[in-house]
Amino acid sequence: LLSIAIPDSVKTIGTSALSNCNELTSVTFSADSKLEKIGEYAFSNTKIETFYVPENVTTFGTHGTAINLVLRSSNLKTVFINKSRQNFPASMSQPWGGPDTTKVYYLGEFVSFNHTVDKVPHEYKRNINIKAFIEDNSNALIQKIELPDGTIINVGANNWPKDLSNYLYQVDKNATFTFKGTHSSGSVRDYSIVIDDIGIPVIDGNDATIKLSKLPSLTSKEAVLKLVNAKATDEINADLNKHIVLADEYFNNVKALNKVGDFTDITLTITHPHSAKTAQKTVRITVIDDLDTIIPDPTPDDDVEKPNDQYVTVLFKKGDHGSLTGITKYFVLKTAGHKLSELTKPGIKADTGYTVATPNFKDDQNLALNDNTIINKDLSYTAQYNKDIKPVVVPNKPNLPDKPTKVNKVLPNTGSNNMQLYYSLVITVLIALLSLFVYNKKQED
């Protein structure tokens with residue numbers, strides 16, 4: 001073990017936890033460390049030269065005794081305590097097992113740093129936003145800051161940058177970047193930032209099946225990668241497919257497949273061309289019989305024997321108030337990516353007194369059949385019906401007898417009616433005589 005970064009969530013490092021790690025040279029804590037307790041001998045007998053104690057530490061070895069060997073090592077040179085001398089409980093026993101020449105600096109006696117890191121969009125770069133300052137000592141100054149590339153910035157103030165903003169330092173590779181802050185007392189604090197996430201590749205692929213008759217087509221590694229749909233990309237969505245590698249060992253295993261049921265697991269590997277970071281994905285290739293990927297099955301619904309374990313069943317059930325016509329059961333290859341829209345659904349005939357509902361099929365969770373559902377597991381759908389609603393008959397009103405018709409009686413007229421008859425007779429006789437006269441006159445002419 002050469003170095004270790006203590007996670008922020010760790011609150012206790014127990015007694016002798018890392019003692020006798022003879023090659024350990026570096027222990028790092030982040031600014032957000034929750035560490036509260038470091039036990040006796042925790043870092044004894046190591047090659048650590050510089051040790052930084054986080055600000056939340058309240059227990060450091062054995063308090064109140066002259067013998068405190070948390071950091072016992074002949075290699076120890078400098079210790080930075082992120083508390084004031086008055087507030088650090090083990091200050092009386094410094095240098096905690098280190099040589100007498102070990103320099104110990106408390107808060108305000110060295111340059112403090114904090115930082116954030118931002119990704120640069122669409123580029124393999126990071127912006128380190130860093131600032132330096134001196135705490136608990138308004139009279140002290142930051143003499144200078146040395147950047148990771150060796151640039152020296154003379155400061156002469158208790159903050160850097162002086163306007164209290166961040167200094168942007170851009171990097172384009174994964175590495176440890178160390179900033180050095182020199183205090184007016186002469187102490188030099190190293191502040192290291194690890195960048196390790198530039199150009200991390202992401203690789204993907206799918207388990208695949210191949211029909212026995214198609215095995216001879218797998219004559220190249222490219223054909224195998226296509227079969228399992230191998231793809232790779234990264235944080236800027238670069239197409240890294242051409243960098244995917246299939247080792248000879250795995251390719252030879254694929255070529256050794258020769259019968260139904262044979263399978264092999266292959267590992268795909270991608271090495272990022274910019275960062276040299278790697279990623280892997282393991283997938284399985286299985287040989288199947290030369291059956292169709294969708295097989296209509298006319299056998300009874302309770303006969304669920306599948307062609308092989310690569311198939312799933314799609315079952316359509318008639319429900320309680322009707323019947324189905326057509327194919328009601330299918331076997332579908334689960335890796336083929338078929339959708340329900342590719343199956344011919346059976347017809348539904350409702351019993352007397354019922355109609356086919358909308359939606360006409362629902363699954364076991366009472367959800368409507370969705371044609372876009374990918375068939376990769378057993379599915380079951382039941383026909384749906386609505387009960388007929390009979391119209392309400394309103395009875396007719398009973399026929400009532402007609403009201404009696406009022407008859408007006410005509411009383412005999414003994415006077416005026418006889419006179420009218422007399423006048424009518426006289427007029428008729430006169431017209432007849434006139435007509436005879438006219439006729440005779442015409443004869444004489």
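Helices (H or I, at least four residues) and strands (E, at least two) are DSSP runs, numbered from the N terminus. This is a predicted model, in which local features need pLDDT of at least 70 and side-chain atom pairs count only at pLDDT 80 or more, while totals for chains, interfaces and linings use all residues. Residues are numbered from 1 along each chain as its sequence is written, and side-chain values use heavy atoms, with hydrogens and water left out.

**View A. Val426 and the nonpolar surface patch.** Val426 lies in helix α3 (residues 416-444). With a relative accessible area of 34%, Val426 is partly exposed (between 20% and 50%; buried is under 20%, exposed over 50%; 1.4 Å probe, protein chains only). Together with Tyr422, Tyr423, Leu425, Val429, Leu430 and Leu433, Val426 forms a nonpolar patch of about 720 Å² accessible area. Such patches join nonpolar side chains (Val, Leu, Ile, Met, Phe, Trp, Tyr) within 5 Å, from residues with over 30% relative accessible area and no salt bridge, that is, no side-chain nitrogen of Lys or Arg within 4 Å of a carboxyl oxygen of Asp or Glu.

**View B. The surroundings of Thr264.** Thr264 belongs to strand β21 (residues 263-271) and is buried, its relative accessible area being 8%. Beyond four places in sequence, Thr264 is in contact (heavy atoms within 4.5 Å) with Asn253, Val254, Leu257, Val283, Arg284 and Ile285.

**View C. Residues 407-414.** Over this segment pLDDT (the predictor's confidence in each residue, from 0 to 100) stays under 50, and the model has 0 contacts for it beyond four places in sequence. The protein averages a pLDDT of 89.

Terms used: Patches are made of residues with over 30% relative accessible area and no salt bridge: like charges are joined within 9 Å, nonpolar side chains (Val, Leu, Ile, Met, Phe, Trp, Tyr) within 5 Å. Accessible areas come from the Shrake-Rupley method with a 1.4 Å probe; for residues, only the protein chains shown count as cover.
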